[in-house]
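Thanks for coming, everyone. I'll put the structure up and then walk through it, starting with one bit of vocabulary.

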Amino acid sequence: NIQSFSFNISEFFQNPYPFYEEMRSINPIYKSTLLKYQGWYITGYEETVKILKDSRFHSRPPIPAFSRNYANVRRIQENMMLFTNPQHHRQLRSLVTKFFTPNIINECRPFIEKTVDELIDQVICRGTMDVVSDFAFPLASSVIAKILGVPAKDYPLFKQWTATFIQSIDFTRSPKTLGNSRKVTEEIIAYFKKIIRAREQEPKEDLISKLIGEKQREEKLSYDELIATCVLLLIAGHETTVNLISSSIFLLIQNPRQLENLQDNPEFITTAIEEFLRFESPAQLIARTASEDITVNETVIQKGEQVYLFLGAANRDSRKFQNPHQLDIARNPNPHLAFGHSSHFCLGSSLARLEAKIAIQRLLQKVRNLQAVDFNGHYRKIIGFKSLVELNVTFD
Ligand code: HEM
């Protein structure tokens, strides 16, 4: 129950929704006095939108400024658009957005289709796979590696880096975990420095070469910003997309009627993806800091206070969505907040949607009788993400 709530309990990671419901019923803008996790917990839809629209709520790197040991991690995080605010954010985002328009992303379609087919071909005779490590991760990895222009063969590295790096943005983690993330960030920086040097000498058609072009043109992008952007895209392009594809397949297995419906009516794929995003939001939590005293629905959030926005809760708010705990692949409209809202709205949303669409569509075309080996999904104990450790399935 909410009085004894702690982010350490495994129940929370497996099924956070009863906790969200209880918090929202007390107050959708809930003040947590838990010593370690003090701040405002936002579980209401409209309240979340209001806060995300208000640029006085700043996005900040999670590593504290005073923490000299982590200065390198902090410097990279400070230059990631995700953790910058109006002026700096606008400048960084406008440089990168032009490479992520839906038209440009659509050019990745043949590569995504080919990769999905190859991954399915590798497991089809076996009749079993772990959706996370045999399908979703190698797909998301190959696609972002191809876009950025880094070798896909390095994907075991990306896997290890992503897992450690996301812990550095987990506010419940211990200094030891932060120490690991420092080591990993330094490895990623060294990795990108080497690739940037090679592309400076011999540009290719990839995103890193294009970003170097932006850097060289009137020094529009600093070296730190260039590296931070590469790191952000590599990490952001992994974790959440893997989670979306794996959770979607798990949800379909748990809801056989909807699985059948989607197999019979493939045109539902577009609304189905939106519903998977709403129902099991891959990014469950994002944070902001009040840059001044701000009143939200008669509640004063004081300057410096932390605000935790539970997107997974907003997306199940019954004041916004009818039958929010019911999966409905035909739900329309579906104004979920899984990609955030306003200025920091996910830059990779078109890419993530396209990958998930092709992956699920092709898998359902090629296999029948999809079953989970273990019906209880096992989710990672990591705050902020709804992330399946593995999903072993069998199929004909
Ligand atoms: C931002 C979710 C896939 C790149 C965000 C935010 C969310 C999000 C919630 C906003 C964070 C905030 O406001 O604090 C997701 C989900 C994905 C996904 C659920 C997959 C299902 C991707 C992919 C890429 C990407 C594939 C890139 C290749 C980014 C970037 C930002 C961002 C660069 C920062 C935008 C900014 O600060 O202006 N994402 N994301 N994301 N996402 Fe995604």
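Helices and strands here are DSSP runs, numbered from the N terminus: H or I over at least four residues for a helix, E over at least two for a strand. So when I say that N369 is in the loop between helix 17 and strand 9 (371-372), those numbers come from that scheme. And keep in mind that this is a predicted model.

Let's begin at the metal. Which protein atom is a donor to the iron of the ligand? It is SG of C346, at 2.3 Å. That is a single donor from the protein. Where does C346 sit? It is in the loop between helix 16 (311-314) and helix 17 (349-366). C346 is partly exposed, at 27% relative accessible area. The accessibility figure is for protein chains only, so the ligand does not enter into that 27%.

Now the shell. How many residues surround the ligand? There are 26. The closest are H89, R93, R288, H344 and C346. So the iron donor C346 is also on the list of closest residues. By class, the shell has 16 nonpolar, eight polar and two charged residues.

Next, the ligand oxygens. One oxygen is 2.6 Å from a side-chain N or O atom of H89. For R93, a ligand oxygen is 2.7 Å from an N or O atom in the side chain. With L82, the partner is a polar backbone atom, and the distance is 3.4 Å. Which elements give two or more residues to the shell? They are helix 5 (86-97), helix 12 (223-236), helix 13 (239-254), strand 5 (285-290) and helix 17. The largest share comes from helix 13, with three residues.

Let me take helix 12 first. It has 14 residues. At 1.5 Å a residue it should span 20 Å, and its end C-alpha atoms are 20 Å apart, so the two agree. Is helix 12 largely enclosed or largely open? Of its 14 residues, 11 are buried, so the rest of the structure largely encloses this helix. The buried set runs from E225 through I235, and includes T229 and C230.

Now helix 13. Two residues to look at: L244 and S246. L244 is buried, at 2% relative accessible area. S246 is buried too, with a value of 2%. What do they face across the sequence? L244 and R353 are 109 residues apart along the chain, yet their C-alpha atoms are separated by 9.1 Å. S246 and P282 are 36 residues apart in sequence, with 9.8 Å between C-alpha atoms.

For contrast, try F137, in helix 8 (residues 131-148). F137 is buried, at 6%. Pair F137 with F310: 173 residues apart in sequence, and 25 Å apart in space, C-alpha to C-alpha.

Back to cysteines. How many disulfides does the structure hold? Zero. Take C108 as the example. The nearest cysteine sulfur to C108 is that of C346, 14 Å away. A disulfide needs the two sulfurs within 2.5 Å, so C108 is in none. C108 is buried, at 15% relative accessible area.

Last, some backbone points. The loop between helix 16 and helix 17 deserves a second look. It holds C346, and P333 and S342 are there too. The peptide bond from N332 to P333 is cis, with omega near 0 degrees. Phi of S342 is near 65 degrees, a positive value in a residue other than glycine. S342 is partly exposed, at 31%.

N369, from my opening definition, also has a positive phi, near 55 degrees, and is not a glycine. At 43% relative accessibility, N369 is partly exposed.

To recap. The iron has a single protein donor, C346. Helix 13 gives the largest share of the ligand shell. Helix 12 is largely enclosed, with 11 of 14 residues buried. And the loop between helix 16 and helix 17 holds C346, P333 and S342. That's my slot.

Key. Residues are numbered from 1 along each chain as its sequence is written. This is a predicted model: local features need pLDDT of at least 70, side-chain atom pairs count only at pLDDT 80 or more; totals for chains, interfaces and linings use all residues. Side-chain values use heavy atoms; hydrogens and water are left out. Buried means under 20% relative accessible area, exposed over 50%, partly exposed in between (1.4 Å probe, protein chains only). Donors are N, O and S atoms within 2.8 Å of the metal (3.2 Å for Na, K and Ca); water is not among the atoms, so sites may look incomplete. A residue is near a molecule or strand if one of its heavy atoms lies within 4 Å of it. A polar contact is a pair of N or O atoms within 3.5 Å; within protein, one must be able to donate a hydrogen and the other to accept it, and residues adjacent in sequence count only if both atoms are side-chain atoms. Ala, Val, Leu, Ile, Met, Phe, Trp, Tyr, Cys and Pro count as nonpolar, Asp, Glu, Lys and Arg as charged, and the others, Gly among them, as polar. The expected span of a helix is 1.5 Å times one less than its number of residues.
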